[in-house]
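The following paragraphs lead the reader through a single structure, one region at a time. The sequence and the coordinates should be kept in view throughout.

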Amino acid sequence: MKAKNMCAVIAALAAVFALTALTGCQKKKAEGGVTQGMNKKIVMGYSQIGAESEWRTACTNSVKQAAADWNIELKFSDAQQKQENQLQAIRSFIQQKVDIIAFTPVVSTGWEAILRECKDAKIPTICVDRTIDGSDGKADPNDANDPDNLFTAFIGSDFKLEGQRAATWLVNYMNQIGRGDKNPVNIVELQGTVGAAAATDRKIGFEEVLAGYPNYKIIKSQTGNFTRSEGKQVMEAFLKSDGAIIDALYAHNDDMAIGAIQAIEEYGRKPGTDIIVVSVDAVKGAFEAMMAGKLNATIECNPLLGPQVMDTAVKILSGQPVQKWVVSEESQFDQTNAAAAYPSRQY
Ligand code: AHR
């Protein structure tokens with residue numbers, strides 16, 4: 001066979017092989033929707049908290065896409081940031097006798113009764129992204145009141161670790177630019193939704209690290225509800241009272257940081273230089289702000305949880321063991337590596 005013909009045959013075989021591998025993979029996912037011992041399609045009720053941030057939109061898209069890939073019927077409900085809407089949605093999932101319920105608790109308290117209702121109805125539950133109060137990812141089998149015994153699995157990030165990473169990054173950077181010894185280093189903090197695990201734990205982790213640096217002071221701390229508009233509004237108020245003395249801003253998510261950056265510019269100081277800005281999420285908007293020199297660093301929080309949610313649901317329903325807490329693996333980015341990472345970011 002001539003070399004040219006040989007190349008054509010190899011190319012054709014490679015294409016057939018790639019197609020077979022792809023359809024094989026799709027088929028595997030699709031079969032996931034029907035588990036051993038169940039001859040019907042899995043039905044999942046999913047209570048999402050809303051659409052407050054770029055991160056949340058990416059999370060919702062990931063869940064919807066994964067449900068389609070796994071051939072799982074998704075009953076999706078948007079709670080518009082209200083716990084009462086989530087409780088109502090979950091109760092309606094129980095009435096509809098769904099096979100499994102996944103939800104993101106908007107705040108961490110007030111779930112015990114509904115989770116007991118799910119248990120009584122023998123419907124397993126997965127906490128996605130945020131967990132409930134008192135959960136440490138380890139269930140004590142002898143303690144019926146252990147919050148970790150109220151749900152089946154939690155898939156999400158270690159928010160405390162994210163807060164610790166943000167503080168460590170800030171302290172190192174302030175030292176690097178020769179401002180670490182300033183006394184005091186004045187920090188303002190934009191918190192996420194009050195009572196949300198993501199806000200509570202990011203605050204605790206940040207403060208834990210700062211406790212080792214007594215010259216670092218959080219002079220103002222208020223919620224911006226994880227939204228860009230409230231992040232801007234609250235930062236405007238911080239600037240009005242303390243604009244000239246703020247050294248750094250810690251925002252519990254990128255959207256609030258982006259809103260605050262606008263407020264800092266309007267006030268007449270330079271975000272990223274005069275006021276050092278560190279936040280959490282690593283959404284595309286944060287990369288753009290880092291490349292423009294306005295955001296200094298972002299700690300990654302992975303919203304692409306859909307595949308893990310569907311995979312875990314299939315395992316639970318087919319009686320396979322699952323981890324109580326599937327912790328997301330995450331990275332961190334600053335102005336030194338933002339441009340290189342940007343093209344491959346998926347959200
Ligand atoms: O619970 C995760 C947080 O919720 C994200 O950091 C934030 O952007 C979102 O709204």
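The model shown is a predicted one. A suitable starting point is S279, which touches A251, N253, D254, A257, L295, A297, T298 and I299, leaving aside residues up to four places away in sequence. The side chain of S279 also makes a polar contact, at 2.6 Å, with the side chain of D254. Is S279 buried or exposed? Its relative accessible area is 0%, and S279 therefore counts as buried, the cut-off for that term being under 20%.

S279 lies in strand β9, which covers residues 276-281. This strand leads to the wider arrangement around it. Strand β9 belongs to an open sheet of six strands, ordered β7-β6-β8-β9-β10-β12, in which the pairing is mixed. At the edges of this sheet stand β7 (216-223) and β12 (332-334), each of which pairs on one side only. On average, neighbouring strands of the sheet are turned by 15 degrees against each other, direction ignored.

Within this sheet, strand β6 (residues 185-191) runs parallel to β7, and seven bridges join the two. One position where they face each other is I187, which stands opposite I218 in β7. Two helices pack on the sheet. Helix α6 (residues 197-210) touches β6, β7, β8 (248-251) and β9, and its direction makes about 170 degrees with that of β7. Helix α7 (residues 228-242) touches β6, β7 and β8, with a direction at about 135 degrees to that of β7.

Helix α6 merits a closer look. How far apart should its ends be? At 1.5 Å a residue, the 14 residues of α6 should span 20 Å, and the end C-alpha atoms are indeed 20 Å apart, so the two values agree. The buried residues of this helix are A197, A198, A199, R202, K203, G205, F206, V209 and L210. A general feature of helices is useful in reading such a list: an α-helix has 3.6 residues a turn, so residues three or four places apart point the same way. Among the elements that cover the buried residues of α6 are α5 (159-176), β6, β7, β8 and β9.

The second sheet may now be considered. It is likewise an open sheet of six strands, with the order β2-β1-β3-β4-β5-β11 and parallel pairing. Its edge strands, each pairing on one side only, are β2 (73-78) and β11 (325-327). From one strand to the next, the twist averages 20 degrees. Strand β4 (residues 125-129) pairs with strand β5 (residues 153-156) in the parallel sense over four bridges, and C127 stands opposite F154 in β5. Helix α2 (residues 54-69) packs on this sheet, where it touches β1 (43-48), β2 and β4; the direction of α2 makes about 160 degrees with that of β2.

The last feature is the ligand. Which residues surround the ligand? They are E52, S53, W55, R56, D129, R130, F159, A198, R202, F226, N253 and D281. Two of these residues, A198 and R202, were met above among the buried residues of α6, while N253 is one of the residues that S279 touches. An oxygen atom of the ligand is 2.3 Å from an N or O atom in the side chain of E52. For the side chain of R56, the distance from a ligand oxygen atom to an N or O atom is 2.9 Å. For the side chain of D129, a ligand oxygen atom is likewise 2.9 Å from an N or O atom.

How values were computed
Residues are numbered from 1 along each chain as its sequence is written. This is a predicted model: local features need pLDDT of at least 70, side-chain atom pairs count only at pLDDT 80 or more; totals for chains, interfaces and linings use all residues. Side-chain values use heavy atoms; hydrogens and water are left out. Buried means under 20% relative accessible area, exposed over 50%, partly exposed in between (1.4 Å probe, protein chains only). A polar contact is a pair of N or O atoms within 3.5 Å; within protein, one must be able to donate a hydrogen and the other to accept it, and residues adjacent in sequence count only if both atoms are side-chain atoms. Contact means heavy atoms within 4.5 Å. Two strands pair if DSSP finds at least two bridges between them. Axes are lines fitted to C-alpha atoms, for helices over the stretch in contact, and angles run from 0 to 180 degrees between N-to-C directions. The expected span of a helix is 1.5 Å times one less than its number of residues. A residue is near a molecule or strand if one of its heavy atoms lies within 4 Å of it.
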